[in-house]
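The exercises below ask you to work from side-chain geometry and accessibility towards a picture of how parts of a chain are held together. Each task is followed by a solution that proceeds step by step.

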Amino acid sequence: MLYALQLLGVAVFAASGALAAGRRRMDLLGVVVIAIVTAVGGGTIRDVLLERHPVFWIREPVYLVVSIVAALATLVYTRRRRPPRNSLAVADAIGLGMFAIGGAQIAEPFGYGPVVTVLMGTITGVAGGVIRDVLSAEVPLILRKGELYATAAIAGIVAYLVLEWMRLPHPAPALIGMSTVVALRLAAILWGLELPVIPIDER
């Protein structure tokens with residue numbers, strides 16, 4: 001279950017990276033590079049922080065292969081058909097859900113407790129998108145005013161951990177947690193849900 005989630009998450013995040021690079025009119029190499037760093041960036045940071053060596057894509061290069069194949073497939077698709085208007089945001093939301101829960105599952109056995117587990121899952125989910133946006137000269141989603149992004153990942157991971165604590169049969173906690181992340185993120189995209197912004201008046 002965890003392995004399948006990781007592979008699918010890598011493919012979806014790679015597709016989102018390829019879409020972002022394509023919109024910036026990058027060449028083939030640029031598209032593949034952005035796709036790869038989007039797909040493996042968050043997991044790499046997580047593995048380094050947890051001292052989990054070698055990092056996952058060095059230990060299993062299949063993740064790089066999946067990233068490249070997903071990027072090329074995205075390019076082929078977009079050459080034939082115009083991608084839907086919110087395709088990048090939807091792909092990013094699905095990847096966020098898969099990576100956030102997958103990252104939390106990887107962090108759990110290290111025994112650092114729920115706070116670190118939530119943090120590692122969130123980093124796994126959001127860091128790749130941050131790198132993608134920075135390299136694409138965009139303001140990262142996590143830093144945009146009121147954006148419900150990292151908050152969605154945190155909520156889904158907390159739901160997953162609570163359901164694990166309640167001993168719900170597997171894989172229900174992971175699926176519900178992932179669905180929570182994706183649902184919150186898509187709701188934010190479709191209906192403009194935002195966190196409250198607290199202004200500070202300087203006089």
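A charge sits over a ring if NZ of Lys or CZ of Arg is within 6 Å of the ring centre and within 35 degrees of the ring normal. The model examined here is predicted.

**Exercise 1.** Apply this criterion to Arg46 and Phe56, and then place both residues among their other partners.

Step 1. The charged end of Arg46 lies 5.5 Å from the centre of the Phe56 ring and sits over that ring, in keeping with the cut-off of 6 Å.

Step 2. Phe56 also pairs with Tyr63, the two ring centres being 4.9 Å apart and the planes meeting at 75 degrees, which is an edge-to-face arrangement. Phe56 and Tyr63 are both buried, and ring pairs join them with Tyr3 in a cluster.

Step 3. On the charged side, Asp47 and Arg52 form a salt bridge with an N to O distance of 3.1 Å. Asp47 counts as buried because its relative accessible area is 0%, and salt bridges with shared partners bring Arg46, Asp47 and Arg52 into one network. Arg46 therefore belongs to this salt-bridge network, while its charged end sits over the ring of Phe56, a member of the aromatic cluster.

**Exercise 2.** Determine which parts of the chain the salt bridge between Glu138 and Arg24 ties together, and how accessible its two partners are.

Step 1. How many salt bridges does the structure hold? There are five, and in the one between Glu138 and Arg24 the closest N and O atoms are 3.0 Å apart.

Step 2. Glu138 belongs to the loop between α6 (114-135) and α7, whereas Arg24 belongs to the loop between α1 (2-23) and α2 (28-49), so this pair ties together parts that lie 114 residues apart in sequence.

Step 3. Glu138, with a relative accessible area of 36%, is partly exposed, and Arg24, at 40%, is partly exposed as well.

Step 4. For a further case, take Arg132 and Asp133, whose side chains meet in a salt bridge at 3.1 Å from N to O; both of these residues are buried.

**Exercise 3.** Examine helix α1 through Phe13 and Ser16, and establish what each of them meets.

Step 1. A search of the whole structure finds four aromatic pairs. One of them joins Phe13 to Phe99 edge-to-face, with 5.0 Å from centre to centre and 85 degrees between the planes.

Step 2. Phe13 is in helix α1 and Phe99 in helix α5 (residues 87-107), so that the pair links parts of the chain 86 residues apart. Both partners fall under the 20% limit for burial, since Phe13 has a relative accessibility of 0% and Phe99 one of 6%.

Step 3. Ser16, also found in helix α1, is buried with a relative accessible area of 0%. Leaving aside residues up to four places away in sequence, Ser16 touches Thr38, Leu88, Ala91, Asp92 and Arg132.

**Exercise 4.** Identify the residues that make up the nonpolar surface patch, and locate Met166.

Step 1. The patch consists of Ile154, Val158, Val162, Trp165 and Met166, which together have about 520 Å² of accessible area.

Step 2. Met166 is located in the loop between α7 (150-165) and α8 (172-191).

Technical notes. Residues numbered from 1 in each chain as written. Predicted model: local features only at pLDDT ≥ 70, side-chain atom pairs only at ≥ 80, totals over all residues. Heavy atoms only, no water. Patch = residues over 30% accessible without salt bridge, like charges linked within 9 Å, V, L, I, M, F, W, Y side chains within 5 Å. Areas by Shrake-Rupley, 256 points an atom, 1.4 Å probe, with all protein chains shown as cover. Salt bridge = Lys/Arg side-chain N within 4 Å of Asp/Glu carboxyl O. Helix = DSSP H or I, 4+ residues; strand = E, 2+ residues; numbered from the N terminus. Buried < 20%, exposed > 50% of the residue type's maximum accessible area, 1.4 Å probe, protein only. Contact = heavy atoms within 4.5 Å. Phe/Tyr/Trp six-rings, centres within 6.5 Å; stacked < 30°, edge-to-face > 60°.
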